[in-house]
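Reader: I have just opened this entry and would like some help reading it. Could we begin with the ligand and its surroundings?

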Amino acid sequence: METTDVLVIGGGPAGAAAALTLTQAGRRCAVLEGRPAPEWKIGETLAPESRQLLLALGVWESFLHAGHLPSPGLCSVWGDGGPVEKNFIFNPHGSAWQLDRAQFEAGLLAAAESAGTRVWRGCTAQTIQRTAGAADGRRWEVAAGDEIFRATWLVDASGRGSVVARQLGVTRPAVDRLVAVYAVVAAPTGRDEDARTHLEACAGGWWYSALMPGGRRIFSFQTDADLLPDQQRWREAAWFWAQVDEAPLIRALLPSPNPACTTVARLTSANSSRPTACHGDGWVAVGDAAQSFDPLSGEGLFHALFSGQRAAQGVLQNLAGSTHGLAEYAALSEALWRRFLHQRHIFYASETRWCGEPFWQRRLAPVAAPAQPMADFPMPA
Ligand SMILES: Cc1cc2nc3c(=O)[nH]c(=O)nc-3n(C[C@H](O)[C@H](O)[C@H](O)COP(=O)(O)OP(=O)(O)OC[C@H]3O[C@@H](n4cnc5c(N)ncnc54)[C@H](O)[C@@H]3O)c2cc1C
């Protein structure tokens with residue numbers, strides 16, 4: 001049996017940021033990560049503003065030497081048809097980054113481990129129970145494989161699965177049915193060095209493409225689950241690669257001759273959703289477990305790092321006897337969600353070429369502007 005102050009469930013960016021913050025402050029902390037070793041995950045572009053978070057976590061120098069690609073900007077075809085460039089040259093935080101995602105997560109977890117976090121890899125939290133009146137004050141008992149963990153606090157960093165919230169009966173409604181159908185192909189060495197993120201709208205949704213370290217390029221088509229062809233035809237390479245003809249900016253990035261035609265696509269959920277509560281008695285959710293944004297926002301990783309840090313600070317305050325920290329965190333989460341919904345509406349509504357198509361029509365309903373200014377929140381612009 002392992003006993004700790006804080007048990008973090010999930011060792012992605014949010015969990016690692018929380019664990020690092022807690023351990024650096026002198027708290028005993030353990031992380032359970034279901035994967036035995038870091039693997040590639042979708043979500044490759046890190047916003048420039050993340051630099052300040054990596055600096056605060058003390059991992060900026062190691063990040064710079066981990067082989068991630070600086071990304072100078074964004075090129076999009078959205079709205080009136082012509083390509084628009086957004087260059088980060090004037091961004092005070094510098095460039096964005098195309099990540100080696102497995103390396104990024106390995107680096108963050110290794111930093112938490114060096115600071116003193118106990119990291120359990122290949123260890124999936126299965127049952128989560130409250131322990132009534134435990135003499136040592138540990139409120140939680142978590143079973144993972146043959147191990148039992150007891151902790152005073154739980155941090156839910158399990159991503160979209162929200163395992164803690166769900167086991168506690170908290171529901172997680174979604175705003176939409178967005179999915180991403182994607183494929184990763186080899187990028188021709190020396191001929192494909194364009195590290196900008198490319199984005200393009202089309203009648204049935206939108207595409208993005210990004211070059212990744214190691215000479216790979218991702219092509220991802222975002223649409224609604226119910227708009228996909230029947231009988232899982234999206235699995236057919238021919239169907240997937242035919243869709244890219246609708247997006248000439250993206251199609252131009254395909255390697256030639258096109259090896260992609262035989263590369264089969266995969267599907268993942270990309271909806272905007274959050275549990276109805278982001279914290280409760282002795283637990284708090286961070287990253288995608290607290291709220292997952294439409295990937296159009298490009299803020300998922302920034303939010304994972306930011307919320308991991310902020311929630312951990314709230315837990316530290318709580319362990320020191322104050323309840324303010326988590327109330328502030330909950331208010332910030334709410335403001336962030338409202339800001340996100342508002343921006344999502346503005347962005348989708350600015351594409352009017354296919355406003356009669358179901359994908360675009362569904363995204364036209366106006367959303368109230370966020371009430372609170374977010375002066376202390378350095379969100380990506
Ligand atoms: C199509 C798509 C494209 C995206 N592109 C971008 C992008 O370009 N830029 C960006 O900033 N964001 C992007 N995102 C979002 C980004 O990937 C997420 O916001 C980010 O991964 C959230 O980090 P996290 O640590 O909260 O969750 P995750 O990265 O999902 O990590 C959760 C971890 O918890 C572990 N876990 C789950 N359940 C358990 C359990 N029971 N026990 C133990 N461990 C468990 C998992 O193995 C996983 O490692 C994209 C998302 C999608 C869907």
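Reader: By class, what residues does the shell around the ligand have?
Author: This is a predicted model. In it, the shell around the ligand consists of 15 nonpolar, 12 polar and eight charged residues.

Reader: And how many residues surround the ligand, and which are the closest?
Author: The ligand is surrounded by 35 residues. The closest are Glu 33, Thr 45, Arg 101, Asp 288 and Leu 301.

Reader: What is 2.7 Å from a nitrogen atom of the ligand?
Author: A polar backbone atom of Thr 45 lies at that distance from the nitrogen. An N or O atom in the side chain of Asp 288 is likewise 2.7 Å from the ligand, in this case from an oxygen atom. In addition, an oxygen atom of the ligand lies 3.5 Å from a backbone N or O atom of Gly 298.

Reader: How much of the ligand's accessible area does the protein cover?
Author: On its own, the ligand has 1,000 Å² of accessible area, and the protein covers 89% of that.

Reader: Which helices and strands supply at least two residues of the shell?
Author: They are α1 (13–24), β2 (29–33), α4 (101–115) and α8 (300–319). The largest share, three residues, comes from α8.

Reader: Changing topic: how is the protein divided into domains?
Author: There is domain 1, made up of 2–67 + 100–174 + 273–334, and domain 2, which covers 178–269. Their C-alpha centres are 31 Å apart.

Reader: Where does the ligand lie with respect to those domains?
Author: The ligand lies between domain 1 and domain 2, because both give residues to the shell around it.

Reader: How many residues of each domain are in contact with the other?
Author: In domain 1, 11 residues are in contact with 17 residues of domain 2. The area buried between the two domains is about 1,100 Å², and carbon and sulfur atoms give 68% of it.

Reader: Which three residues supply more than any other three of the area that domain 1 buries?
Author: Those are Trp 40, Ile 42 and Glu 44, which together supply 49% of the area that domain 1 buries against domain 2.

Notes. Residues are numbered from 1 along each chain as its sequence is written. This is a predicted model: local features need pLDDT of at least 70, side-chain atom pairs count only at pLDDT 80 or more; totals for chains, interfaces and linings use all residues. Side-chain values use heavy atoms; hydrogens and water are left out. A residue is near a molecule or strand if one of its heavy atoms lies within 4 Å of it. A polar contact is a pair of N or O atoms within 3.5 Å; within protein, one must be able to donate a hydrogen and the other to accept it, and residues adjacent in sequence count only if both atoms are side-chain atoms. Accessible areas come from the Shrake-Rupley method with a 1.4 Å probe; for residues, only the protein chains shown count as cover. Helices (H or I, at least four residues) and strands (E, at least two) are DSSP runs, numbered from the N terminus. Ala, Val, Leu, Ile, Met, Phe, Trp, Tyr, Cys and Pro count as nonpolar, Asp, Glu, Lys and Arg as charged, and the others, Gly among them, as polar. Domain bounds come from an automatic or database domain assignment. Contact means heavy atoms within 4.5 Å. Buried area is the accessible area (1.4 Å probe) that two parts lose on being put together, summed over both.
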